[in-house]
Amino acid sequence: MSITFYYNPMSSASRVQLTLAELDIPHEKVFVDLQAKDQRKPEFLKLNPNGKIPTIVIDGQPMFESIAIQIYLGERFGVERGLWPALGSREHMQALTWLCWAQVSLGGPLFTYMHNTSEWFPPEARNAKQAETALAEVQNSLQILDARIGEVGNIVHDKWTLVDSDVWSVLGWGLQMAKIDTAKYANLNNWLERGKKRPAGCAMMEAEKPAH
Ligand SMILES: N[C@@H](CCC(=O)N[C@@H](CS)C(=O)NCC(=O)O)C(=O)O
């Protein structure tokens, strides 16, 4: 089997990077220089016509969209490693539910909030009303996630799965960037700390530490 993973640090590719590390799957990494517009080169567009990372090629077959990649990796390699529930199980239903929920209902408003508050975007591209609406949605989703973790221990069930890793990588970075205080979410904070202690989580934080 051969896996080539096209990435850039501190991006949507980080969640796939963390999954590959959790699964301990050998793979070749190809850095895509987004500043230099490597993603718009014809040879890259043949793999992903959207010109975006993450993109992965498994045995010659390209895949894009991080959530699709996560599900594929989980189903193909995660079950035997105890990191992804078996197809058809109740936990499998939960895994798909919470992975998609995190992408759409949590990640969507989180990125909208960042886009409307971050200094990375020019002031004229930011909208205070949109930021306020998005923040209320983020807080609502965080409350739901906090309750879920309190109820079952992690996101899918009592054991850590690739869904936890995926949501952890997005939140670890996103909450910090968006400067959202999570002090009132005790279960969530405890779970965020547990993610940091996993070997794959430690390795990713080390690899993505700013160079200064
Ligand atoms: N929905 C896609 C989003 C991918 C995406 O937006 N990637 C960004 C980096 S975070 C990118 O490659 N941007 C380069 C560009 O748009 O030129 C996914 O989840 O995989």
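A pocket, as the word is used here, is an open set of grid points with protein on both sides within 12 Å along at least five of seven lines. A molecule sits in a pocket if more than half of its atoms lie within 2 Å of the pocket's grid points. By this rule the ligand of this predicted model sits in the largest pocket.

**The pocket**

The volume of the largest pocket is about 1600 Å³. Its lining is made up of 50 residues, and those nearest the centre are Met10, Ser11, Ser12, Phe111 and Trp173. Five elements each give two or more residues to this lining: helix 1 (13-23), helix 4 (90-115), helix 6 (162-178), helix 7 (186-197) and helix 8 (199-207). Helix 6 contributes the most, with 11 residues. Sorted by class, the lining holds 22 nonpolar, 18 polar and 10 charged residues.

**The ligand and its surroundings**

The residues around the ligand are Ser11, Ser12, Leu34, Gln39, Gly51, Lys52, Ile53, Pro54, Glu65, Ser66 and Gln103. In this shell, three residues are nonpolar, six are polar and two are charged. Ser11 and Ser12, which belong to the shell, are also among the lining residues nearest the centre of the pocket.

Some side chains of the shell make polar contacts with the ligand. The table gives three such pairs, with the ligand atom and the distance.

| Residue | Ligand atom | Distance |
|---|---|---|
| Lys52 side chain | oxygen | 2.6 Å |
| Glu65 side chain | nitrogen | 2.7 Å |
| Ser66 side chain | oxygen | 2.6 Å |

On its own the ligand has 520 Å² of accessible area, and the protein covers 70% of this.

**Two points in the backbone**

Most residues other than glycine have a negative phi, and most peptide bonds are trans. Two places in this chain depart from these habits.

One of them involves Ile53 and Pro54, both of which are part of the ligand's shell. The peptide bond that leads from Ile53 to Pro54 is cis, and its omega is near 5°. Pro54 is found in the loop between helix 2 (42-45) and strand 3 (55-58).

The other is Asp24, a residue that is not a glycine but has a positive phi of about 55°. Asp24 is located in the loop that runs between helix 1 and strand 2 (28-31). Helix 1 is also one of the elements that give two or more residues to the lining of the largest pocket.

Terms used:
Residues numbered from 1 in each chain as written. Predicted model: local features only at pLDDT ≥ 70, side-chain atom pairs only at ≥ 80, totals over all residues. Heavy atoms only, no water. Near = heavy atom within 4 Å. Polar contact = N/O pair within 3.5 Å; in protein donor to acceptor, adjacent residues only side chain to side chain. Areas by Shrake-Rupley, 256 points an atom, 1.4 Å probe, with all protein chains shown as cover. 1 Å grid on protein atoms, 1.4 Å probe; cavity = no way out; pocket = protein on both sides within 12 Å on 5 of 7 lines; lining within 4 Å. Nonpolar A, V, L, I, M, F, W, Y, C, P; charged D, E, K, R; others polar. Points joined across faces, edges and corners; volume = space filled by probe spheres on them. Helix = DSSP H or I, 4+ residues; strand = E, 2+ residues; numbered from the N terminus.
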